[in-house]
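Q: I am new to this structure. Can we go through it one feature at a time?

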Amino acid sequence: MSAILYAHIHKESDRREPLFAGEESHARLTALRAGAFAEAMVPPGHAERVAFLRAAGRLLGYWHDLGKGSREFQKYLLSAEEDAHALEKRGRVDHSSAGAQHAAKQLPGLGTLLAFAIAGHHAGLPDWQCEGESGLKSRLQKPVKPWQEEVPPEFLSATGLPNSLPCPAKGFSCAFLTRMLFSCLTDADFLATEHFMNPDQSDLREKVFPSLADLAEHLEAHLAKTFPSAATEVQRRRRQVVDHCRQAAPLPPGFFSLNVPTGGGKTLSSLVFALKHAVCHQQRRVICAIPFTSIIEQNARVYREVFDALGEGIVLEHHASLDAEDPTVMGSRLAAENWDAPIVVTTNVQFFETLFANRPGRCRKLHRIARSVIVLDEAQALPVDLLEPCLRALQELVTHYGCSVVLCTATQPALEKRENFKIGLSHVREIIPDTAALHAALRRVRVEVAGKLTLEGTAAQLMAQERVLAIVNTRKHARELYEILRKETGGEGCFHLSALMCPEHRTRKLKEIKARLQSPNAPCRVVSTQLVEAGVDIDFPVVYRSLAGLDAIAQAAGRCNREGQLEGLGITRVFQPAESRFLLPGDLKQAAGHAGEVMALPDYQENLLSMAAIEHYFKLHYWHKGGELGEGWDRNKIMYCFKLGDTLANPFLFQFRQAASEFQLIEDVQEPVIIPWDEKALKMIQDLRAQHHPEVKFLAKASRVLQRYVVSVPRRERRALEEAMAVETLHERFCVLLDRKNYSEETGVIVPKEAYCDPEKLIVS
């Protein structure tokens, strides 16, 4: 070869990264990282699978940039006026089709899996076939610039890859393997590029965290110090739950169920199990996936209180408010987290949409899910009509990638296989040996049916109580009910909580509420959306709950007589809003209807939250739905996107882009608005304004700080704020509220009425 081939050129310093030459070449570094990431996805003792994954990862690293070896690309790279690496990601240059074609030719059939990953390592995993020429089938046939004579032969060989797949030869399993290998490649490529383009940022990633064994030991010390005695029956039962979690931890990896009533201490008990189980089985991290952002805030705060003394970064809180996923913006990609932390707290939306994503920004963290203990809090909150793909993905993680899954629930386990629920999970082991006895011992509430109530009628009943919590289904209902209550009482002891208030604001309000509840004879009336239903540690003698699914009603009841300190049972009253504008839509309306059916049955009047009543509810709402609708557990036919072909030329007919587009846990797209709520937020926003070309490190810091000040609103509502010139956008990603008249210290963001878009979803990102 007459000249050195380059992978990247740093325009400011004119530093040049070799593509193939030397130990520090881009292809070699990417191959080593991708191979290491891939082989680490399976636990020790699986030599054949490890050999396949290591070899596949290395070949992806060697081949992903083969197209850069053409003379045309090298000319382009040397002459480009701006960083060519950024231009590659904007789709201006196709250098990936060459490597995809090489993989398919070198390894007929099997190589197509690698071709998917190589072809999509900048733009995202493609469909096999689609309109236009972006499908993999078309790209494998398109003309590419000559490159082979420019590439050293050692990088072209396919030797070393075993013939047998490390998973069953079934469509979904093979597609899942492809996405996991794609994750290894994209993360390795990103980190190798960062090592050259931004070595200072790269050095910051070299963190050394305490071992999971150290974290487990520290947690035990924290529990012994914080809860030295069990003075009440509730506290004694919580201690029993922790003991059962310790005893179950050595059991072999797989599926587990932690069925503990609300107030039974699931947050720390599940973490005790997860850390000890991970230590026993050489798993790498704990991932807690949670349906509600409010629970993430509380759980992450609880975990940080335990572990912050051991150093920063141990607990990573990650949800979609400020998630940087735009692969066309280099800074956004660099600021994105890749879940390299011992404990990750995230949303169901972030977790499951990642499992079906096709974009590099989301898929980078996939390989780090392997060999994790995954705690699904309130597991029954998964959307019924996406259950089949969700459960199949969990099954893949447990069967082939060394994961264990803990299904946490305060009600009846909903995801286990049954005669009328064929897609359910098999071999789920219960951590608590006698859940019925635990539920009976922790019963602290009586549920009453209050019938239909108007807005004014609901307010009147709330005013008749000195201390009461009302939980409603929509933000609009919460705001209107609170305004009446405040007007009638003069506002003394009245509080409003909803996701229209930024997390820092909600936290401050919750502190005020808890302080008032600790003060004798101080009235405290709270109106909230369902964000307080799980994970929020508040305790009222009386709770009102707008009609919803029976599992949601059980969660609301968990805020009633939570510590069991009343002489008798607390009271939770379920009412149906009389105004049609407050009724739930779609599946949520159906869940409420099924709850109403169960609550009307004489068998359950004595205890509307008994395990038998909850099971009856799930039979109606969950397990029978697939049979009623035919495709009821796979609404958008995600599973049909992963079919096998019948020839070596068409071996895998995977539609990755289509599946990613169709798999949406939330149909109503939410967009973030940052609230300059206190001095800390104002200072960070001012710093953002002052930076014309901020460094990646600064953007990442801003994202972390401002996440506590984000309110997610439907896209239509954010557009209305933009049209009213009430927001500004900084650095193409931080949408900041400018006009404080659009934010109330009582109720949060005020959206122009003509744009109001409701109701609030039960599952939020």
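A: Start with one residue pair between strands. Cys288 stands opposite Val375 in β7. Keep in mind that this is a predicted model.

Q: Which strand pairs with β7, and in what sense?
A: Strand β4 does. β4 (residues 285-290) and β7 (residues 372-376) pair in the parallel sense over five bridges.

Q: Which residue stands opposite Thr346 in β6?
A: Ala289 does. Here β4 pairs with strand β6 (residues 343-347), in the parallel sense and over five bridges.

Q: How do I read the side chains of a strand?
A: In a regular strand the side chains alternate between the two faces of the sheet. Now take β4. Arg285, Ile287 and Ala289 point one way. Val286, Cys288 and Ile290 point the other way.

Q: Is β4 mostly covered or mostly open?
A: Mostly covered: six of its six residues are buried. That holds for the residues pointing either way.

Q: How do I describe two packed helices?
A: Two packed helices are described by the angle between their axes and the distance between the axes. Try helix α15 (residues 348-355) and helix α18 (residues 387-400). Their axes come within 10 Å and cross at roughly 75 degrees. Angles from 65 to 115 degrees count as roughly perpendicular, so α15 and α18 are roughly perpendicular to each other.

Q: Which residues make the contact of α15 with α18?
A: From α15 come Phe351, Phe352 and Leu355. From α18 come Cys390, Ala393, Leu394 and Leu397. By class, this contact has seven nonpolar residues, no polar ones and no charged ones.

Q: At what angle do the axes of α8 and α18 cross?
A: At roughly 70 degrees, and the axes of α8 (residues 171-197) and α18 come within 11 Å. That makes α8 roughly perpendicular to α18.

Q: Which residues of α8 meet α18?
A: Phe172, Ser173, Phe176 and Met180. In α18 they meet Pro389, Arg392, Ala393, Glu396, Leu397 and His400. By class, the contact of α8 with α18 has six nonpolar, two polar and two charged residues.

Q: How many residues of helix α5 are buried?
A: Nine of its eleven, and α5 (residues 96-106) is mostly covered. Among the buried ones are Ser96, Gly99, His102 and Ala103.

Q: What do the buried residues of α5 pack against?
A: Three helices: α2 (47-63), α6 (111-119) and α7 (136-139).

Q: Can we follow one residue of α2?
A: Take Trp63, which is in helix α2. Trp63 has a relative accessible area of 0%. Buried means under 20%, so Trp63 is buried.

Q: What is Trp63 in contact with?
A: Leave aside neighbours within four places in sequence. The contacts then include Gly99, His102, Ala103 and Gln106, along with Leu114, Ile118 and Phe155. Trp63 and Leu114 are 51 residues apart along the chain, yet their C-alpha atoms are separated by 9.3 Å.

Q: How many salt bridges does a search of the whole structure find?
A: It finds 36. Look for a side-chain nitrogen of Lys or Arg within 4 Å of a carboxyl oxygen of Asp or Glu. Asp65 and Lys68 are one such pair, with the closest N and O atoms 3.3 Å apart.

Q: Are Asp65 and Lys68 buried or exposed?
A: Buried. Asp65 is at 2% relative accessibility, and Lys68 has a relative accessible area of 1%.

Q: Which residue forms a salt bridge with Glu480?
A: Arg581, the closest N and O atoms being 2.7 Å apart. This pair links distant parts of the chain, 101 residues apart. Glu480 is in helix α21 (residues 475-489), while Arg581 is in the loop between β15 (570-577) and α24 (586-599). Glu480 is partly exposed at 22%, and Arg581 is partly exposed at 45%.

Q: Where do Glu483 and Arg486 lie?
A: In helix α21, three residues apart, so about one helical turn separates them. Their side chains meet in a salt bridge (2.7 Å, N to O). Glu483 is partly exposed at 31% relative accessibility. Arg486 is partly exposed at 29%.

Q: Which residues do salt bridges with shared partners join into one network?
A: Asp187, Arg285, Asp340, Arg364 and Arg368. You have met Arg285 before, as one of the buried residues of β4.

Notes: Residues are numbered from 1 along each chain as its sequence is written. This is a predicted model: local features need pLDDT of at least 70, side-chain atom pairs count only at pLDDT 80 or more; totals for chains, interfaces and linings use all residues. Side-chain values use heavy atoms; hydrogens and water are left out. Axes are lines fitted to C-alpha atoms, for helices over the stretch in contact, and angles run from 0 to 180 degrees between N-to-C directions. Helices (H or I, at least four residues) and strands (E, at least two) are DSSP runs, numbered from the N terminus. Angles under 35 degrees count as roughly parallel, over 145 as roughly antiparallel, 65 to 115 as roughly perpendicular and the rest as oblique. Contact means heavy atoms within 4.5 Å. Ala, Val, Leu, Ile, Met, Phe, Trp, Tyr, Cys and Pro count as nonpolar, Asp, Glu, Lys and Arg as charged, and the others, Gly among them, as polar. Buried means under 20% relative accessible area, exposed over 50%, partly exposed in between (1.4 Å probe, protein chains only). Two strands pair if DSSP finds at least two bridges between them.
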